[in-house]
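Trainee: I'd like to learn how to read a structure, one feature at a time. Can we start with how strands sit beside each other?

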Amino acid sequence: MKKSIVSLAVLGAALALSACETVTLAPAGPYAVGAGSGATLSRAWSDFTPISGLKKVRMLSIDGPLLNRLYLSEGLVTGDYIVQPTNRREATTPIYDASMSVTEQVEFVANSVTAMSYERVATSGVRPVQVNGQRGVRFDIEAATKEGLVIKGLGQAVKADEKLYVAIYIAPGEHYFAESRAAAEATMDSVTF
Amino acid sequence: MTSRGVAALAAGLLLTATSGLPVLAQQRPPGLVPDPTSVEGGLWGAMERTEAEARRSADLNSDPALNDYVRGVACRVAVEYCGEIRVYVMDRPYLNAQMAPNGYMEVWSGLLLRAENEAQLAFVLGHELGHFLENHSLERWNNNKAWATAAMVVSVGAGVAGAYYGVDMRGIGDLAYLAAVASVMNYSRSQEEEADAIGFERMVAAGLEPTAAAAVWRQQQAETRASTFRSVRQSEAMGSVFRTHPLTAERVAALDTLARDRPGGREERERYRAAMRPHLAAWLADDLSRRDFNASLTLTERLERDGLDLGVLEFHRGQILRQRRDDGDLELARDAYLTATGYEDAPVAAWRELGDLQARLGDPEAARVAWRTYLERATAADDRWIVEDSLTALEAKP
């Protein structure tokens with residue numbers, strides 16, 4: 001039990017320290033996501049990536065991560081994660097594989113949203129999308145927080161040059177999803193590879 | 001002491017715990033309501049708040065038929081305490097049930113998925129009832145105030161962090177949600193043995209099969225040994241997601257000893273599976289989200305032994321193997337999907353997945369047949385265009 005308390009205390013300290021990292025402004029205009037990839041922001045967002053713990057994914061928000069979030073990945077290759085597992089040696093979160101079918105890409109994104117601690121993640125409205133000349137897939141997401149708050153979102157996966165570019169927008173279904181949807185969707189439309 | 005000696009001693013302790021008036025005299029009387037100003041009264045207050053959160057939780061399974069069934073099984077073992085129990089089925093993919101001192105009981109879908117019959121479920125619920133009857137949570141609260149406080153503090157931090165960070169916080173999130181419960185249900189081994197004995201006796205008194213008690217723990221041990229994750233394989237099997245119920249060989253052996261001279265009882269296997277069937281596919285999918293592929297395969301193979309729900313189970317086996325992607329898994333997944341399509345209860349997605357794998361594994365004609373069957377059956381599916389794209393690409397190949 002002592003070991004558990006120490007582990008929890010260390011976790012708490014780590015979270016407190018990481019909370020001191022900087023959130024930066026991502027102004028409207030071109031936004032670099034990774035080497036050679038990016039998007040155009042139609043408005044200013046706050047960039048939470050430095051405190052997110054994410055590796056190949058950027059996390060933006062307008063009103064704070066609990067109220068709206070936009071994830072943009074750089075080109076994912078086999079073995080990459082959207083959500084990092086807590087234990088590097090044990091793959092408890094979904095891993096991308098370049099051989100995934102379009103259906104599996106949708107599944108990969110949905111399972112990654114589940115790994116963000118959301119419940120009852122469901123996809124619907126799976127539709128084709130053209131992003132900078134590449135055919136990909138976009139879909140609606142519905143989920144809930146553990147406390148029962150309804151979450152809505154959009155997922156997108158576009159494959160270009162053998163890499164997968166993922167975008168995920170999620171926000172509470174009440175007010176916030178609709179409020180920022182246009183800004184999020186415009187950014188998803190603008191992804192470059 | 002040899003393992004047999006330890007088992008005999010443990011069995012002896014279990015028998016001691018369940019025989020004679022002194023132990024019974026310590027059990028709480030039916031209808032007990034503590035003084036609100038007492039320590040137990042305070043615990044009740046905390047548990048009532050946790051219960052209110054459970055009622056609002058996204059995990060709450062609101063199917064009245066399922067909840068009635070599980071409550072009915074709980075009442076079969078609770079008997080005179082039935083009126084004090086409030087059962088909540090939670091869709092969480094871990095083996096767990098728990099009962100708070102105020103009579104609030106959670107039964108997680110991971111347990112319902114893993115129990116093979118009503119007797120096994122009755123034993124686990126009887127075990128939790130044993131903790132309730134013996135006021136074990138009150139005893140632990142008095143002994144573990146520091147831990148309880150620490151768990152409360154961390155629960156707040158983890159709840160916030162889980163919402164912010166891009167790392168897998170699910171285990172911590174569960175702790176956050178039920179920190180208050182876990183902190184008072186971190187039972188000692190002797191309390192676990194006592195609860196085993198009470199669960200066993202109440203299950204047998206209900207006319208159910210005595211060997212079910214050891215079987216349910218043994219199944220969990222087998223799943224733990226099969227786990228994909230080394231850290232799980234190297235740990236002791238647990239009868240609770242909160243790691244509060246270590247399933248020692250001695251505990252299982254003690255239950256075997258208890259069952260040895262008892263007449264057989266009913267398992268109620270088919271009735272149990274019928275009650276679970278409407279939720280089987282969703283619970284299997286939830287289980288797969290843990291990504292413990294080998295444990296999921298072990299579970300699936302065990303569930304298949306009854307010869308029931310084979311379309312759903314074979315489809316799920318295909319899903320596990322397709323996502324695991326070890327050498328040879330795609331071929332095995334294709335075979336599982338193909339088998340699934342031979343049963344009436346196969347989900348329509350089995351044909352889509354079968355087509356995808358047939359194409360990938362170099363059998364375009366079989367892929368074409370599977371995809372066309374999917375399009376015939378999934379007339380309203382929103383992913384038809386993906387399958388149509390795949391067919392078009394196949395036709396375009398020389």
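Mentor: Sure, let's start with one residue pair: B:Tyr88 has B:Glu106 in S3(B) as its bridge partner. Before going on, note that this is a predicted model, where local features need pLDDT of at least 70 and side-chain atom pairs count only at pLDDT 80 or more, while totals for chains, interfaces and linings use all residues. Residues are numbered from 1 along each chain as its sequence is written, and chains are lettered from A and ligands numbered from 1 in the order in which they are written.

Trainee: In which sense do S1(B) and S3(B) pair, and over how many bridges?

Mentor: Strands of a sheet pair through backbone hydrogen bonds, either parallel or antiparallel. S1(B) and S3(B), residues 104–108, pair in the parallel sense over five bridges. Two strands count as paired if DSSP finds at least two bridges between them. Names like S1 and H4 are DSSP runs numbered from the N terminus: helices are H or I with at least four residues, strands are E with at least two.

Trainee: What is the order of the three strands in that open sheet of chain B?

Mentor: The order is S1-S3-S2, with mixed pairing. At the edges you find S1 (86–90) and S2 (97–99) of chain B, each pairing on one side only. From one strand to the next, the twist averages 15 degrees.

Trainee: Which strands does helix H4 of chain B lie across?

Mentor: H4 of chain B, residues 64–78, lies across S1 and S3 of chain B and runs at about 130 degrees to S1(B). Helix H6 of chain B, residues 118–133, also packs on the sheet and touches S2 and S3 of chain B, at about 25 degrees to the direction of S2(B). For such angles, axes are lines fitted to C-alpha atoms (for helices over the stretch in contact), and angles run from 0 to 180 degrees between N-to-C directions. "Contact" means that the C-beta atoms of two residues, placed from the backbone, lie within 7 Å.

Trainee: What is the strand order in the open sheet of eight strands in chain A?

Mentor: It reads S1-S4-S5-S6-S10-S9-S8-S7, with antiparallel pairing. S1 (24–26) and S7 (119–131) of chain A stand at the edges with a single partner strand each, so one side of each has no neighbour in the sheet. The twist here averages 25 degrees from one strand to the next. At one end, S1(A) and S4 of chain A, residues 45–47, pair in the antiparallel sense over three bridges, and A:Leu25 has A:Ser46 as its bridge partner.

Trainee: Which residue takes a positive phi in the hairpin of S2(A) and S3(A)?

Mentor: That's A:Gly36, with a phi near 80 degrees, in a hairpin that has two residues between the strands. S2 (29–34) and S3 (37–41) of chain A pair in the antiparallel sense over five bridges, with A:Thr40 as the bridge partner of A:Pro30.

Trainee: Now helices. At what angle do H11(B) and H15 of chain B cross?

Mentor: Two packed helices are described by the angle between their axes and the distance between the axes. The axes of H11(B) and H15(B), residues 293–304, cross at roughly 140 degrees and come within 7 Å. That is why H11(B) counts as oblique to H15(B). By the cut-offs, angles under 35 degrees are roughly parallel, over 145 roughly antiparallel, 65 to 115 roughly perpendicular, and the rest oblique. H11(B) passes H15(B) in a right-handed crossing. Here a crossing is left-handed if the near helix is turned anticlockwise from the far one by less than a right angle, and right-handed if clockwise.

Trainee: Which residues of H11(B) make the contact?

Mentor: B:Gln219, B:Ala222, B:Glu223 and B:Ala226, and among their partners in H15(B) are B:Thr298 and B:Leu299. The contact divides into four nonpolar, three polar and two charged residues. Nonpolar means Ala, Val, Leu, Ile, Met, Phe, Trp, Tyr, Cys and Pro; charged means Asp, Glu, Lys and Arg; the others, Gly among them, are polar.

Trainee: How do H16 and H17 of chain B cross?

Mentor: The axes of H16(B), residues 310–324, and H17(B) cross at roughly 165 degrees and come within 8 Å. That angle is why H16(B) is roughly antiparallel to H17(B). The crossing is left-handed.
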